[in-house]
Amino acid sequence: MDFDYTASEQSFREEVRSFISDNLPPKKERDKNFLANWLEKVRAKGWVGFAWPKEFGGSEGGLIEQTILREEMALAKAPPLGTSMMGLAWVGPGIMQYGTEEQKRKFIPDILDSKVTWCTGYSEPNHGSDLAAIQCKAELKGDHYLVNGQKIWTTGAPWSQWIILLTRTQFDVQSKHDGITCFLVPMDAPGVEVRPIQNMAGDKHFAEIFFTDVQVPVENRLGAEGEGWNVTVSALANERSSIGEVTQMFEKLENLKELVKTTSLQGQPANKDPKVRRTIARFEMKVAAMKFNGLRYLTKQIKGEPLTSETSVNKLHRASLEIEIDDFAVQLLGQAGLQLRGGESAVDGGTWSKSALNWPNVVIGGGTPNIQRNIIAERLLGQPKD
Amino acid sequence: MNFGFTEEQSLLRDQVERFMKEACPMPKVREIAASESRFDSTLWQQVADLGWLGLTIPEAHGGLGLKWIDLTVVLEAAAEGLCPLPIASQALASAAVLTCGNDQQKNDWLPAMAAGKAICTIGLYDEANWIDPKAITAQAHASEGGYVLKGTKPFVNDAAAAHYLLLAVNGPNGLALAAVAKDDVKITHQPTMDTTKPMASVNLDGVSISAEFLLPMSEEQLAFLTDCGAVATTAEMVGAGAAILAMTSNYAKERIQFGKPIGQYQGVKHRLADMYVDLESYRSLSYYAAWSVDDDVAGLAKAVSLAKGYASDAFAQIGIDGVGLHGAIGFTAEYDAQLYLKRSKWARPMYGDSDYHMDRIATLGGL
């Protein structure tokens, strides 16, 4: 057991830090070209798709370097390394694993260069957690497929140019996991209609998407017909260490501590209130658990053992922290906590109240907590399936 | 960066698990716990021969010169089977001698402790739930040629089995550890919930010790020994928690109700998943705390409080859910689940409960 970094890992950290100090000016000093310049520079460094194979334009960065990169970027509150989060997280890896040579040439560079933003067409009106039960239909018609159906809760759909779309090409199947086929579809194809949905925080991050007689060329199929479930499962398995998230949670916790130090509760300093102190300590224990769970999983990966369902442990911690930290801040702030940006008594520009309404983005998005509990109970503890 | 165990540590774990299975299975644990001495000298000798009592004692003093992370491998694996032998107390007593003793005392005492010939324990605080130097009320007064002790140590683990006890007192020059022999003090066994963890009160009134048996102890040393106690306790909570989770999970797969194994119902399987999440989380925190004892003393207090703060409540809940999910059978004395629930009650206040540790986390975090 050893928590030290090697000299080369340490020098990589220094490299990231000095890059950040050279290229990340304070928010007020950033001009309108800042983001484009930033993306170009991190791309030139090879830090977009850092772990990807070199033949696809990645850097084949090791797990620890990847962890260091994410950690330092999160600490500096840097913009993301690339604009297509989903493209980098699983569309790209999915194409590299299942795509044709032509698909790789066509799609991978644009993801790395932040030219194209991807969204993910999984959930449907009647099938969210029960993902494999999807009904959106694709029929082979010569050189193309005809897609009809509906997707919903598609995060990023209002501004994405492409969607990775899960459809059903066969309805008469023994297992619902069979007969699913995956496609890469441009959002401006005729017959694709996006209707943004406003969430409870007032944002329009997700949308419903209607597909009416959309013609998708056969060459846009990802993987074989009927292989869509495997494509999806192995693409989602491309998740790596959650260290970046942990750093974000530590930052949030620090902000909460600052808030507590400047807030009074029933006329007393809130940071002296035993309940407040213990609540914050409980958050800190969970974030620390995420950190050290993550390091145990990282060690497993370094030893060449695949990560399986253990990551659900940290997803559950993350979900409860996302809900509880903001909710605690809003509660602590009393009536001021209700005020949004612009309110005369709003605290920290209303950020606590705003994010207290945004937790479902994270908590529901990657599989609900109850789905994570099913995964843990069934795959790690061997309980019978529902 | 490597947050995993070495091959040697894995072999050590296998060795302990084999010992528990072959030499100290649950019927034996129950037999020892129900016996007059609550101790088994044959098993103790075996444990000593295996080297487990000298793990953290330097080689120069007859030990193996390993680290606390190695010790916690033993404590965790032994606690899976609720081992009633005072291995943790012995390790804490050695830590006390290493921390507060002089060279002479280390030379004289540690080899016998490593060999198991001197069974030892420590007793720090005299208040039931207060971790603070002020919670030490027993006293040592200067007398001709040494000291006279006064007061009672009400909560001393494994006192009845020990030959020597290292007990915190207020001496003429501040805090100290009084090293006393079992026969010189009055030890009274206290009935408690967890019979695998014998507790006694030790009355010190009028006991005389010579000067070299009073070891000066700073507040920092007291805090360090307390943190070591919490690390040892948390390691045992990892092993015992894993055991009752496995027991309960297996039961849920086999117990049929309404035509299905109860583990198929989300009301049951989600509780099991939550137990797993908590166990794995305090496991990670516990390993980090154990590593910190030797390799990051500056960060030890925080690491310990994160681990023991998390584990105290989580293991208590795991104990309750483990018994509860079994239904009525879990409530019976015959079934082993209840022994783990009792261990979770025992572990909760030891070296600080969750309230203490969470408050310390807040303080260390700048609140």
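**Figure 1. B:Lys134 and its salt-bridge partner B:Asp132.** We start in this predicted model with a lysine that is out in the open: B:Lys134 is exposed, with a relative accessible area of 58%. Its side chain meets that of B:Asp132 in a salt bridge, with N and O 3.5 Å apart. Side chains of opposite charge can pair when their charged atoms come close. Over all chains, the structure holds 44 salt bridges, and several of the panels below pick out others.

**Figure 2. A salt bridge between A:Lys252 and A:Asp326.** How exposed or buried are A:Lys252 and A:Asp326? Here both residues are buried. Their side chains come together with an N to O distance of 2.8 Å. This pair ties distant parts of the chain to each other, with A:Lys252 in helix α7 of chain A and A:Asp326 in helix α9 of chain A, 74 residues apart. Please look around the pair as well, since A:Lys252 and A:Asp326 belong to a network of salt bridges that also includes A:Glu245, A:Arg318 and A:Glu322.

**Figure 3. Where chain A touches chain B.** Chain A brings 45 residues to this contact and chain B brings 44. About 4,300 Å² is buried between the two chains, and carbon and sulfur atoms give 63% of that area. Which three residues of chain A supply more of the area it buries against chain B than any other three? They are A:Met1, A:Met285 and A:Arg296, which supply 19% of the area that chain A buries there. The size of an interface is often given as the accessible area lost when the parts come together.

**Figure 4. Polar pairs and helices on the chain A side of the interface.** Across the interface of chain A and chain B there are 26 residue pairs in polar contact, both residues being at pLDDT 80 or more. On the chain A side, four helices each supply at least two residues: α7 (243-261), α8 (274-302), α9 (311-332) and α12 (369-380). Of the elements on this side, α8(A) gives the most, with 16 residues. Sorted by character, the residues of chain A that touch chain B are 21 nonpolar, eight polar and 16 charged.

**Figure 5. A salt bridge across the chains, B:Asp355 to A:Arg278.** The interface of chain A and chain B holds eight salt bridges, and this view centres on one of them. The closest N and O atoms of B:Asp355 and A:Arg278 are 3.6 Å apart. The pair reaches from helix α11 (residues 354-364) of chain B to helix α8 of chain A. How accessible is each partner? B:Asp355 is partly exposed, with a relative accessible area of 32%, and A:Arg278 is also partly exposed, at 26%.

**Figure 6. Domain 1 and domain 3 of chain B in contact.** Chain B is divided into domain 1 (7-118), domain 2 (121-217) and domain 3 (220-364). The C-alpha centres of domain 1 and domain 3 of chain B are 22 Å apart. In this contact, 20 residues of domain 1 of chain B meet 29 residues of domain 3 of chain B. Together the two domains bury about 2,000 Å², with 66% of it on carbon and sulfur atoms.

**Figure 7. Links between domain 1 and domain 3 of chain B.** How many salt bridges cross between these two domains of chain B? There are three. A salt bridge joins B:Arg30 and B:Asp336, whose closest N and O atoms lie 2.8 Å apart. Ten residue pairs are in polar contact between domain 1 and domain 3 of chain B, with both residues at pLDDT 80 or more. On the domain 1 side, α2 (26-34), α4 (68-80) and α5 (87-100) of chain B each supply at least two residues. The largest share of that side comes from α4(B), with seven residues. The side of domain 1 that touches domain 3 of chain B is made up of twelve nonpolar, three polar and five charged residues.

**Figure 8. B:Phe331 in a loop of chain B.** Where does B:Phe331 sit? This residue is found in the loop between α9 (300-326) and α10 (337-347) of chain B. Is B:Phe331 buried or exposed? B:Phe331 is exposed, with a relative accessible area of 72%. For a sense of scale, B:Phe331 and B:Gly54 are 277 residues apart in sequence and 38 Å apart in space, C-alpha to C-alpha.

Terms used: Residues numbered from 1 in each chain as written. Chains lettered and ligands numbered in written order. Predicted model: local features only at pLDDT ≥ 70, side-chain atom pairs only at ≥ 80, totals over all residues. Heavy atoms only, no water. Contact = heavy atoms within 4.5 Å. Buried area = accessible area lost by both parts, 1.4 Å probe. Salt bridge = Lys/Arg side-chain N within 4 Å of Asp/Glu carboxyl O. Polar contact = N/O pair within 3.5 Å; in protein donor to acceptor, adjacent residues only side chain to side chain. Nonpolar A, V, L, I, M, F, W, Y, C, P; charged D, E, K, R; others polar. Domains from an automatic or database assignment. Buried < 20%, exposed > 50% of the residue type's maximum accessible area, 1.4 Å probe, protein only.
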